[in-house]
Amino acid sequence: MQTGGPSGGCIPADKIDLPVDYESLTGAGSIMGSGGLVVLDEDSCMVDIARYFLSFTQEESCGKCPPCRLGTRAMLTILERIVAGQGQMADIDTLEEIAQTVKDGSLCGLGQTAPNPVLTTLRYFKEEYKEHIEKAQCTAFVCGELISYHIDSDRCSGCGACARVCPVKAISGEKKNPHLIDQDTCIGCGLCLSTCPDKFAAVYRRSGELTRYENQKYPSG
Ligand code: SF4
Ligand code: SF4
Ligand code: SF4
């Protein structure tokens, strides 16, 4: 759960019994803030969630004090790199260091709480950061740069529907024969996935070590 609005933190499922009061939420690294509470499931990428909320507070920073002005920008740059598959393991320590500096050194509440999404996702979901960096894997299949599209030749009927909608003509194949996606041309728009008829469900995605078919709720590993 994400509580407290954009400056709040993310609390893992094993804290479901945590009382919703100021002290308990602060102890878990979040805040009561605006009183918002968002429930997220396995289809939410926690690194992308941190990036998303930080992009809001970074935009809102008035720029008066350097820790907030420079720190939120620096954290956002690192997070953008990680979700794009260009992160390094050293980024994790750097993020933690900057987040703490911004929290401790900012003048007002915005800067003091802006690092919460980063600090809590690092505290409770560090594994997801490592997967993005070490395996180029987004387990939630959210980060587009870490996802590739493929066609299962055993399932493909060669109907050609995917090739007709592909905006960059990345799909080739003879009628009634398995089709193929040219990975160098594909821009990852996902139209082939949504177009392939359910009875075939031949288009699947890969991210790192995971494979996911459209009709699967969970990655098969
Ligand atoms: S902490 Fe507050 S005063 Fe300082 S730059 Fe951020 S918004 Fe402005
Ligand atoms: S994901 Fe988009 S660009 Fe890539 S093959 Fe499918 S339709 Fe074409
Ligand atoms: S839409 Fe599906 S079944 Fe038809 S050619 Fe494309 S991948 Fe094969």
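Reader: What makes Phe 141 count as buried?

Author: In this predicted model, Phe 141 has a relative accessible area of 6%, and because buried means under 20%, Phe 141 is classed as buried.

Reader: Where does Phe 141 lie, and what is notable about its phi?

Author: Phe 141 belongs to the loop between helix 7 (126-135) and strand 4 (148-151), and its phi is near 55°, a positive value in a residue other than glycine. Most residues other than glycine have a negative phi.

Reader: Lys 169 also has a phi near 55°; is Lys 169 buried or exposed, and how do you know?

Author: Lys 169 has a relative accessible area of 62%, and since exposed means over 50%, Lys 169 is called exposed. Its place is the loop between helix 8 (161-165) and strand 5 (171-172), and its positive phi again occurs in a residue other than glycine.

Reader: Why is Cys 65 called buried or exposed, and how is Cys 192 classed?

Author: The relative accessibility of Cys 65 is 13% and the relative accessible area of Cys 192 is 9%; because the limit for buried is under 20%, Cys 65 counts as buried, and so does Cys 192.

Reader: How many disulfides are there, and what decides the count?

Author: The count comes to zero disulfides, because a pair of cysteine sulfur atoms is called a disulfide if they lie within 2.5 Å, and by this rule none is found.

Reader: What is known of the cavities, and why is such a space called a cavity?

Author: The structure holds two cavities of 30 Å³ or more, and the word cavity applies because a 1.4 Å probe fits there but cannot get out. The largest cavity has a volume of about 90 Å³; of the 14 residues that line it, Cys 166, Ile 171, Cys 186, Cys 189 and Cys 192 are the closest to its centre. Its lining comprises 12 nonpolar, two polar and no charged residues.

Reader: Which ligand takes up the space of the largest cavity, and which residues surround that ligand?

Author: The largest cavity is the space taken by ligand 2. Around ligand 2 there are 13 residues, with Cys 166, Cys 186, Cys 189, Gly 190 and Cys 192 the closest, and this shell divides into 11 nonpolar, two polar and no charged residues.

Reader: What can be said of the second largest cavity, and which ligand sits there?

Author: The second largest cavity holds about 70 Å³ of space, and ligand 3 sits in it. Its lining includes Ile 151, Cys 156, Cys 159, Cys 162, His 179, Cys 196 and Phe 200, and by class that lining has eight nonpolar, four polar and no charged residues. Ligand 3 has 14 residues around it, of which Cys 156, Cys 159, Gly 160, Cys 162 and Cys 196 come nearest, and its shell has 10 nonpolar, four polar and no charged residues.

Reader: What makes the space of about 270 Å³ a pocket, and which residues line it?

Author: The word pocket is used because the set of points is open, with protein on both sides within 12 Å along at least five of seven lines, and the largest pocket holds about 270 Å³ of space. Of the 19 residues in its lining, Leu 40, Asp 41, Glu 42, Met 46 and Phe 125 are the closest to its centre, and the lining of the largest pocket divides into 11 nonpolar, three polar and five charged residues.

Key
Residues numbered from 1 in each chain as written. Chains lettered and ligands numbered in written order. Predicted model: local features only at pLDDT ≥ 70, side-chain atom pairs only at ≥ 80, totals over all residues. Heavy atoms only, no water. Near = heavy atom within 4 Å. 1 Å grid on protein atoms, 1.4 Å probe; cavity = no way out; pocket = protein on both sides within 12 Å on 5 of 7 lines; lining within 4 Å. Sits in = over half its atoms within 2 Å of the grid points. Nonpolar A, V, L, I, M, F, W, Y, C, P; charged D, E, K, R; others polar. Points joined across faces, edges and corners; volume = space filled by probe spheres on them. Helix = DSSP H or I, 4+ residues; strand = E, 2+ residues; numbered from the N terminus. Buried < 20%, exposed > 50% of the residue type's maximum accessible area, 1.4 Å probe, protein only.
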